[in-house]
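Trainee: Please take one part of this structure and go through it closely, side chain by side chain. Then place that part within the rest of the chain.

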Amino acid sequence: MFNKGLFAATFAVVAGATAYFSGIPVSMAEIDANKLYMNHCKTCHGEDGHPTDLGLGLGAREFADPSWQAKTTDERIIDQITNGTPEKMMPFKEKLTTEEIKALVPVIRSFRKK
Ligand code: HEC
């Protein structure tokens, strides 16, 4: 049972890495928000919403933090991704569509720890 799970997890990571490097453009019809996150956000915010050293150095917060999740609205998250913060986080309004930015909100929410 355990080995099977481990195999599945390893496979998922390898498949994810392959998708990441293949550079196939994401079609407008089906937005893969997790992939968008891994491509654009992970460098600072980490795979699981826990900031990387680079993110921490710039002042990124812990997305798992329930109190941050509770006080942050979806609008705030969309605004942050769209406009960024000067010298901390680049704006994504030129890189991502409005739909893609909205699709990232549930990804951010999924990092919440109870
Ligand atoms: C270059 C590093 C970097 C990248 C890449 C980056 N961010 Fe950020 N992000 C930051 C920093 C630093 C902050 C804190 C900004 C501040 O305090 O104003 C932040 C803040 C945030 C916040 C919190 C805003 C708040 O009100 O607390 C959200 C949500 C967010 N980023 C989402 C994203 C998403 C989604 C992506 C990918 C599309 C992304 N970030 C890419 C560095 C980054």
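Mentor: Y37 and F111 are both buried. This is a predicted model, and every value below is computed from it. F111 has a relative accessible area of 12%, so it falls under the 20% cut-off for buried residues. Across the whole structure, a search finds 3 aromatic pairs. In one of them, the ring centres of Y37 and F111 lie 5.1 Å apart and the planes meet at 55°, so the pair counts as tilted. Y37 sits in helix α2 and F111 in the segment after α7, so this pair links parts of the chain that are 74 residues apart. F111 also pairs with F63: here the centres are 6.4 Å apart and the planes are at 10°, so the pair is stacked. Again distant parts of the chain are linked, since F63 belongs to the loop between α4 (53-58) and α5 (66-71), 48 residues from F111 in the segment after α7. At 6.4 Å, the F63 and F111 pair is within the 6.5 Å limit for ring centres, and that is why it is counted. F63 is buried as well, with a relative accessible area of 7%. Taken together, ring pairs join Y37, F63, W68 and F111 into a cluster.

H45 is in contact with two members of that cluster, Y37 and F63. Leaving aside residues up to four places away in sequence, H45 also touches H50, P51, T52, A60 and M89. H45 is found in helix α3 (residues 42-45). Its relative accessible area is 14%, so H45 counts as buried.

Y37 has a second role in the packing. Helix α2 (residues 33-40) packs against helix α7 (residues 98-109) at an angle of about 90°, the two axes being 9 Å apart. That angle falls in the range from 65 to 115 degrees, so α2 is roughly perpendicular to α7. The α2 side of the contact is made up of A33, N34, L36 and Y37, and these meet E100, A103, L104, V107 and I108 in α7. By type, the residues of this contact divide into 7 nonpolar, 1 polar and 1 charged. The charged residue is E100, because Glu counts as charged. Y37 is thus part of the contact of α2 with α7 and also part of the ring cluster.

Helix α7 leads on to the salt bridges. The structure holds 2 of them. One joins the side chains of R109 and D74, with N and O 2.7 Å apart. R109 is in helix α7 and D74 is in helix α6 (residues 74-83), so this bridge links distant parts of the chain, 35 residues apart. R109 is partly exposed at 25% relative accessible area, and D74 is also partly exposed, at 35%. The other bridge is formed by R76 and D79, whose closest N and O atoms are 3.4 Å apart. Here the partners lie within helix α6, 3 residues apart, or about one turn of the helix. R76 is partly exposed at 40% relative accessibility, as is D79 at 36%.

Helix α6 also has a buried set, namely I77, Q80, I81 and T82. What covers these residues includes α5 and α7. Just after α6, G84 takes a positive phi of about 65°. E87 likewise has a positive phi of about 65°, although it is not a glycine. E87 lies in the loop between α6 and α7. At 81% relative accessible area, E87 is over the 50% cut-off and therefore counts as exposed.

As for the chain as a whole, it has 7 helices and 0 strands, and from the N terminus its elements run α-α-α-α-α-α-α. Of its 114 residues, 27% count as buried. Among contacts with a separation of 6 or more, 46% come from residues 24 or more positions apart. The pair of Y37 and F111, 74 residues apart, is one long-range link of this kind, and the bridge from R109 to D74, 35 residues apart, is another.

Technical notes
Residues numbered from 1 in each chain as written. Predicted model: local features only at pLDDT ≥ 70, side-chain atom pairs only at ≥ 80, totals over all residues. Heavy atoms only, no water. Axes fitted to C-alpha atoms, helices over the stretch in contact; angles between N-to-C directions. Helix = DSSP H or I, 4+ residues; strand = E, 2+ residues; numbered from the N terminus. Parallel < 35°, antiparallel > 145°, perpendicular 65-115°, else oblique. Contact = heavy atoms within 4.5 Å. Salt bridge = Lys/Arg side-chain N within 4 Å of Asp/Glu carboxyl O. Buried < 20%, exposed > 50% of the residue type's maximum accessible area, 1.4 Å probe, protein only. Phe/Tyr/Trp six-rings, centres within 6.5 Å; stacked < 30°, edge-to-face > 60°.
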